[in-house]
Amino acid sequence: MKAAIIYTSVTGNTSALAEIIQEKMEVKGLAADLIPADEFQKIHLNEYDIVAVGTYSWDNGEIPLEMEEIYEAFESANVKGLTTGVFGTGDSFYPYYCGAVDLFRDMLYVHTNLAVTLKVELTPQEEDLARCEKFCDRLLSEVAVFS
Amino acid sequence: MSDINQPLTKIKLLNPTYPNKATGLINGESSGLLNWNDIAYPQMYDLYQTLLANFWKAQEINMQDDIKQWDYLTETEKDIFLRINTQLASLDSLQTPTMTHVMDYVTDSSFKAIFAVIAQQEAVHNESYSYILSSLVPLREQNQRFDQAKEDPIVRKRNQLILDSYESFRENPTPQRLFELAINSINLEGIYFYAGFAFFYHLARQQKMLKTSTMISYIQRDEMQHAYFVSQFVRILLTENPELNTEENIQFVYNTIDQAVQLEKEWADYILKDIEGIDLEEFHGYVEYLANKRFRQIGLDNYYPERENPMQWIHVFSDEMMNETKSDFFEQKSRTYTKVSSSNGFDEL
């Protein structure tokens with residue numbers, strides 16, 4: 001089984017979250033490729049069984065510019081059977097908390113087998129570690145069922 | 001390595017032999033010309049754009065509804081409304097000149113430009129409090145209320161923490177004092193506004209004074225981005241100047257923000273005690289939750305116990321809530337996909 005975590009980060013919060021998710025997957029016996037958004041061209045979505053997408057949100061809960069290509073790749077590739085999850089960090093004081101996670105969620109639900117979403121407020125805290133664990137569990141159990 | 005206690009020199013407007021892309025936030029070489037396509041921290045351009053997109057002015061908001069409702073507020077609500085209004089106005093009054101003052105000593109032109117935009121926004125906030133006041137009470141009472149804010153011992157005690165730091169940078173603008181000023185700016189913009197915000201959003205929850213709270217919501221959005229910018233400024237300042245990144249300075253951050261937290265609790269206990277529906281114990285927890293966010297934004301650990309936001313109704317209004325949005329016309333994007341939720345068979349954590 002192959003897994004990738006494709007992410008972008010501006011302050012380091014989302015990359016911290018991506019690393020936690022990678023560690024949790026490793027503990028569960030799955031070595032996931034950690035891929036920053038600017039290295040996305042080097043991979044093919046079809047090579048993977050699981051892809052987790054990580055993004056911060058910008059402005060009015062929008063998808064950051066550097067994630068647009070990735071968003072479109074899911075739309076144009078044939079990835080109906082790919083199990084996906086989306087995670088992100090944001091500030092809940094804004095009206096569209098982690099809005100980019102929601103936008104990815106709606107798209108991934110249509111084009112892939114979306115298993116789970118995760119929102120974290122700014123830098124991950126203690127309690128978020130357990131949520132990351134659940135995030136991985138959900139992805140893994142979904143693959144077991146789906147494939 | 002620069003001496004953190006050596007005064008920064010006020011930089012020349014133009015230094016033609018230096019590069020446009022600054023070599024440092026402070027004590028750097030910079031021509032003084034700004035080309036946004038060639039800056040040291042490209043993410044600052046995004047932030048600049050976001051700040052500009054926030055542009056609003058008080059006069060766009062019609063106060064008629066609030067003017068009518070004003071007469072139906074209780075005497076206590078009116079009194080607290082006016083006291084909080086003038087207290088917030090006095091905080092914003094400090095911020096405009098301080099931001100422009102800092103500009104003189106920052107060597108990166110892109111940061112100067114952002115400080116200029118922040119100063120402009122603080123001026124708008126200041127005006128909006130005047131605009132609200134002018135809609136509701138005569139000039140004589142406005143002046144009395146400003147005098148009240150100037151004399152109030154608790155307001156003075158709160159402001160003193162900030163003032164001491166800002167003044168000390170004015171007297172001797174060293175890197176150390178710039179760092180301390182930045183932390184106190186986070187206190188002012190990121191902690192000190194929230195008892196006031198709580199009051200106005202609490203009125204809004206009861207459908208009272210919604211035009212005022214619309215302005216408060218715009219102000220909160222601006223202030224959140226200012227606090228975010230200043231936290232980025234602090235992180236870059238500490239990274240570029242490791243001599244500032246000391247145990248003592250980290251301790252300074254914890255101590256100073258903690259002081260602001262205690263002062264904000266004290267202020268809330270005093271100003272909000274007669275407001276039914278705001279639980280002061282809960283607000284204390286809220287201020288700690290808020291401060292934890294500020295610590296994490298600077299890259300530090302939580303200082304207070306980890307907790308969920310206990311007062312989720314204190315937040316920026318969404319466009320839908322505002323029902324009259326100037327930006328809607330330009331920004332309405334068609335969404336390709338239908339909104340889905342956990343009822344569609346996936347988990348939302």
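Visitor: How many residue pairs are in polar contact between chain B and chain A?

Guide: Happy to start there, with one reminder: this is a predicted model. Between chain B and chain A, 27 residue pairs are in polar contact, counting pairs with both residues at pLDDT 80 or more.

Visitor: Which elements of chain B give two or more residues to the side that touches chain A?

Guide: On chain B they are helix 1 (43-53), helix 9 (210-240), helix 11 (280-298), helix 12 (319-322) and strand 1 (347-348). Helix 9 of chain B gives the most, with seven residues. By residue type, the side of chain B that touches chain A divides into 14 nonpolar, 13 polar and 14 charged.

Visitor: How many salt bridges are there between chain B and chain A?

Guide: The count is four. For one to look at in the structure, try B:Asp347 and A:Arg138, whose side chains meet in a salt bridge with an N to O distance of 2.8 Å.

Visitor: How should I read the size of an interface, and what area do chain B and chain A bury between them?

Guide: The size of an interface is often given as the accessible area lost when the parts come together. Here chain B and chain A bury about 3500 Å² between them, and 50% of that is on carbon and sulfur atoms. In chain B, the residues that lose the most area to chain A are B:Arg296, B:Tyr337 and B:Leu349, together 25% of what that side buries. Counted by contacts, 41 residues of chain B meet 38 residues of chain A.

Visitor: Let's turn to chain A. What span should helix 1 have?

Guide: Take the rise of 1.5 Å a residue: the 15 residues of helix 1 (residues 13-27) of chain A should then span 21 Å. The end C-alpha atoms of this helix are 21 Å apart, so the model agrees with the expectation. Just after helix 1, A:Gly29 takes a positive phi of about 90 degrees.

Visitor: Which residues of helix 1 of chain A are buried?

Guide: They are A:Asn13, A:Thr14, A:Ser15, A:Leu17, A:Ala18, A:Ile20, A:Ile21 and A:Met25.

Visitor: Is A:Cys132 buried or exposed?

Guide: Buried means under 20% relative accessible area. A:Cys132 has 0%, so this residue counts as buried. You will find A:Cys132 in helix 4 (residues 126-146) of chain A.

Visitor: Leaving aside neighbours within four places in sequence, what is A:Cys132 in contact with?

Guide: A:Cys132 is in contact with A:Leu17, A:Ile20, A:Ile21, A:Lys24 and A:Leu118. Of these partners, A:Leu17, A:Ile20 and A:Ile21 are among the buried residues of helix 1. As for A:Phe87, 45 residues away along the chain, its C-alpha atom is separated from that of A:Cys132 by 9.2 Å.

Terms used
Residues are numbered from 1 along each chain as its sequence is written. Chains are lettered from A and ligands numbered from 1 in the order in which they are written. This is a predicted model: local features need pLDDT of at least 70, side-chain atom pairs count only at pLDDT 80 or more; totals for chains, interfaces and linings use all residues. Side-chain values use heavy atoms; hydrogens and water are left out. Helices (H or I, at least four residues) and strands (E, at least two) are DSSP runs, numbered from the N terminus. The expected span of a helix is 1.5 Å times one less than its number of residues. Buried means under 20% relative accessible area, exposed over 50%, partly exposed in between (1.4 Å probe, protein chains only). Contact means heavy atoms within 4.5 Å. Buried area is the accessible area (1.4 Å probe) that two parts lose on being put together, summed over both. A polar contact is a pair of N or O atoms within 3.5 Å; within protein, one must be able to donate a hydrogen and the other to accept it, and residues adjacent in sequence count only if both atoms are side-chain atoms. Ala, Val, Leu, Ile, Met, Phe, Trp, Tyr, Cys and Pro count as nonpolar, Asp, Glu, Lys and Arg as charged, and the others, Gly among them, as polar.
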